[in-house]
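Subject: The structure I promised you

Hi there,

Here is the structure for you to open alongside this note. Please have a look around first, and then read on for what turned up.

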Amino acid sequence: MAETHAFQSDIAKLLRLLSQSLYQNREVAIRELVSNASDALDKYRLLSLREEGLPAAEDLQITVTPDAAAGTLTIADNGVGMTHDDLIENLGTIARSGTEGFSKGLEGADADSLIGQFGVGFYAAFMLAETVEVRTRHYSEERGWRWTSAGTGSFTIDELTGDAAPPERGTEIVLHLRDDAKDFTDPQRVEYVLKKYSSFVPHPIHLAGADGETLHVNDQPPVWVEPKGSVTAEQHRQFFGYLSGQVGGNPLWNLHLSLDSPLEIKSILYCPPLNPERMGLGRAEHGLHLCARRVLVQSDCDDLLPEYLRFLYGLVDSSDLPLNVSRQALQDDTVFLKIRKVLTSKVLGHLAKLAESEPKTYAEFYEQFGSTLREGVATDPLNREKIADLLRFRTIENPGEPSGLKAYVEGMKEGQTQIFHVGGRDAEAVKRRPTLEAFTARGLDVLLLTDPVDEIVLNTLGEYDGKQFVSVESAEADLPPLPESEDEKDDRPEPAAPAGLEAVLGLFRDALGEETEEIRQTDKLTGSPCRLVTPGGGLSPQLQSVLGANDKNFKPPKRILEVNPRHPLIRRLADLSVNDQNGEFIKTCGRQLFDNALLMSGMVPDPTELASRAEQFMAEAAGAKSSVIL
């Protein structure tokens with residue numbers, strides 16, 4: 001005779017809460033029931049090892065059977081089963097955990113593999129079912145029991161004997177599906193859910209089809225729980241394909257972790273060979289798969305790694321996750337933060353080792369993902385120094401092979417106190433800029449920043465190994481003395497500045513007006529008549545070009561025009577300055593020199609005026625009447 005029992009709490013209200021708040025994704029109902037079935041199998045496996053006379057734990061499995069004709073979905077296991085009292089205790093009270101109680105009665109690490117929270121997890125079934133029927137037989141009993149409820153405040157239990165009893169130990173949960181949940185009678189729909197959440201459950205899951213055939217759903221091995229040395233390259237390739245969808249591709253590198261402190265974490269991370277963001281395929285939005293003892297808690301969890309490591313695929317499995325009753329949310333996000341901190345540190349450490357031991361592989365990695373990695377300089381101040389060690393730059397002297405900042409510092413010249421950089425894509429063209437003359441004359445190498453973002457990165461870093469980053473266009477560049485050659489070791493004095501230099505500088509100031517911050521002479525030029533430098537803290541020409549291209553209202557800051565008093569052109573203009581009638585010509589030359597300097601630094605002056613002035617000079621050179629008074 002059937003017994004009727006009232007739930008020990010306001011079940012209708014709590015079920016409504018579960019349905020509307022905790023389990024908004026109804027697929028997780030299947031995940032919870034499969035996880036509970038796995039718990040039951042683990043329990044029997046442990047008991048068979050401890051109790052004499054029990055049949056060996058062989059052929060443990062979970063069978064899922066969708067039945068469109070009957071409108072049901074059945075999840076069955078041949079695990080430990082439940083007694084009459086188990087049904088009342090475990091299924092009659094919200095948040096009652098049969099697994100938790102069982103675990104307390106066992107000693108040893110094996111009990112830690114039990115993942116279920118059998119109370120509320122079981123009641124997720126009412127998200128899909130109008131009525132839930134549980135048919136079970138405990139391993140120690142000949143008879144079976146049936147638990148039935150519509151989730152409206154009570155449940156019934158009746159004994160199953162004879163042919164009505166389950167043929168062996170275990171539990172069958174039959175979901176009599178709601179009308180709006182009949183899609184869960186579609187085998188393909190159920191297969192998708194099982195593979196999504198339960199691919200790594202440690203017992204076989206068989207999906208029964210309408211034709212009587214069964215499909216082994218979870219045949220992907222959980223390689224992250226295996227010892228690192230036992231996982232083959234082929235297994236890594238297959239698992240990388242499983243996580244990324246890039247079937248047949250090989251990861252560039254992998255990081256296999258097994259940690260016990262400060263958290264118990266088993267994880268495997270893969271770096272793909274190509275960066276889709278470089279191919280114009282948009283921003284990578286995937287994250288890591290988060291599991292709790294092999295059961296998927298969240299796919300594409302982007303909280304486990306910082307944004308600048310978003311290109312990695314992987315899976316993180318931890319037994320320290322404080323899951324709440326739904327398994328969908330975490331009660332304490334500090335655990336997330338701890339996992340994130342550990343993973344980030346391990347990835348950056350792995351990259352540092354890769355750069356040292358496998359420079360070719362690291363070069364391939366940096367070519368693809370360096371632009372993403374460098375974002376961490378601005379967004380992760382705690383790891384800024386580690387990221388700085390991983391950055392790579394080409395230099396003026398070695399534009400073909402990018403190298404690290406450590407190598408640059410080790411190669412600095414005697415007396416050099418700063419790390420110099422310049423923006424530009426072509427090293428040979430950059431070398432011809434007047435601003436580089438002083439650096440090449442002293443044998444100083446200069447970082448070649450081919451991307452304007454690199455300059456922002458260096459400005460954010462500020463310094464490396466105590467050495468300040470300074471643009472070659474900056475007035476703050478502190479250059480060591482020029483090396484003295486054998487030919488220069490005499491007592492000949494430096495050529496004096498021409499007498500008319502101040503007059504020339506004054507005429508240049510009259511011509512350029514407010515366009516410059518200052519016009520002055522310099523001793524840092526060797527072959528060019530002048531150059532433009534940026535006042536301390538000013539924007540480099542490369543950044544000015546970027547800002548000007550993106551903002552039509554952008555006004556570039558004023559720069560300093562430095563004039564080389566030893567250059568023949570400047571000396572000739574100084575000679576001409578003694579005659580006041582040459583003032584306009586000298587002003588025109590000043591304007592032309594300023595525009596030339598703008599062009600060579602990457603800025604574009606007024607092209608119409610520049611062309612007109614050049615034509616005027618050519619006309620005079622060709623023999624037209626000159627305005628210059630000799």
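Let me start with how the chain is held together. Among contacts between residues at least 6 apart in sequence, 71% join residues at least 24 apart. Please keep in mind as you read that this is a predicted model. The chain has 630 residues, and buried residues make up 49% of them. Its secondary structure comes to 20 helices and 22 strands.

Two pairs give you a feel for contacts across the sequence. A511 lies in helix 16, which covers residues 501–512. Its C-alpha atom is 5.2 Å from that of K587, although the two residues are 76 apart in sequence. Leaving aside residues up to four places away in sequence, A511 touches K587 and R591. A511 counts as partly exposed, because its relative accessibility is 24% and the partly exposed class runs between 20% and 50%.

The other pair involves L215, in strand 9 (residues 214–216). Here the C-alpha atoms of L215 and V64 are separated by 9.8 Å, with their positions 151 residues apart along the chain. The residues that L215 touches, not counting those up to four places away in sequence, are E191, I205, H206 and L207. L215 is partly exposed too, with a relative accessible area of 36%.

Now for the open spaces, which you may want to look at on screen. The largest pocket holds about 640 Å³ of space. It is lined by 22 residues, and those closest to its centre are Y366, E367, R392, R394 and P402. Two elements give two or more residues to this lining: helix 9 (359–373) and strand 17 (447–449). Helix 9 gives the most, with nine residues. Sorted by class, the pocket lining has ten nonpolar, eight charged and four polar residues.

While you are at helix 9, take a look at Q368, which is placed in that helix. Is Q368 buried or exposed? It is buried, because its relative accessible area is 11% and the cut-off for buried is under 20%. Beyond residues up to four places away in sequence, Q368 touches P273, L274, N275 and R278.

There are closed spaces as well. The count comes to three cavities of 30 Å³ or more, and the largest cavity has a volume of about 50 Å³. Its lining is made up of R433, P434, T435, R531, L532, A597, M600 and S601. Strand 21 (530–533) and helix 19 (583–600) each supply at least two residues of that lining. By class, the lining of the largest cavity divides into four nonpolar, two polar and two charged residues.

Helix 3 is worth a moment. In this helix, residues 84–91, the buried residues include H84, L87, N90 and L91. They cover an arc of only 150° around the axis, so they sit on the same side of helix 3.

You may also wonder about cysteines. How many disulfides does a search of the whole structure find? The search finds zero. Among the cysteines, C271 is buried, with a relative accessible area of 0%. C530 counts as buried too, at 5% relative accessibility.

Lastly, a word on the backbone. Most residues other than glycine have a negative phi. Against that background, two residues caught my eye. D59 is not a glycine, yet it has a positive phi of about 55°. D59 lies in the loop between helix 2 (28–50) and strand 2 (62–67). With 58% relative accessibility, D59 counts as exposed, because that class begins over 50%.

R293 is the other one: its phi is near 55°, a positive value in a residue other than glycine. You will find R293 in the loop between strand 12 (288–292) and strand 13 (295–301). R293 is partly exposed, with a relative accessible area of 28%.

Happy browsing, and write back with any questions.

Best wishes

How values were computed. Residues numbered from 1 in each chain as written. Predicted model: local features only at pLDDT ≥ 70, side-chain atom pairs only at ≥ 80, totals over all residues. Heavy atoms only, no water. 1 Å grid on protein atoms, 1.4 Å probe; cavity = no way out; pocket = protein on both sides within 12 Å on 5 of 7 lines; lining within 4 Å. Points joined across faces, edges and corners; volume = space filled by probe spheres on them. Helix = DSSP H or I, 4+ residues; strand = E, 2+ residues; numbered from the N terminus. Nonpolar A, V, L, I, M, F, W, Y, C, P; charged D, E, K, R; others polar. Buried < 20%, exposed > 50% of the residue type's maximum accessible area, 1.4 Å probe, protein only. Arc of directions from axis to C-beta. Disulfide = S-S within 2.5 Å. Contact = heavy atoms within 4.5 Å.
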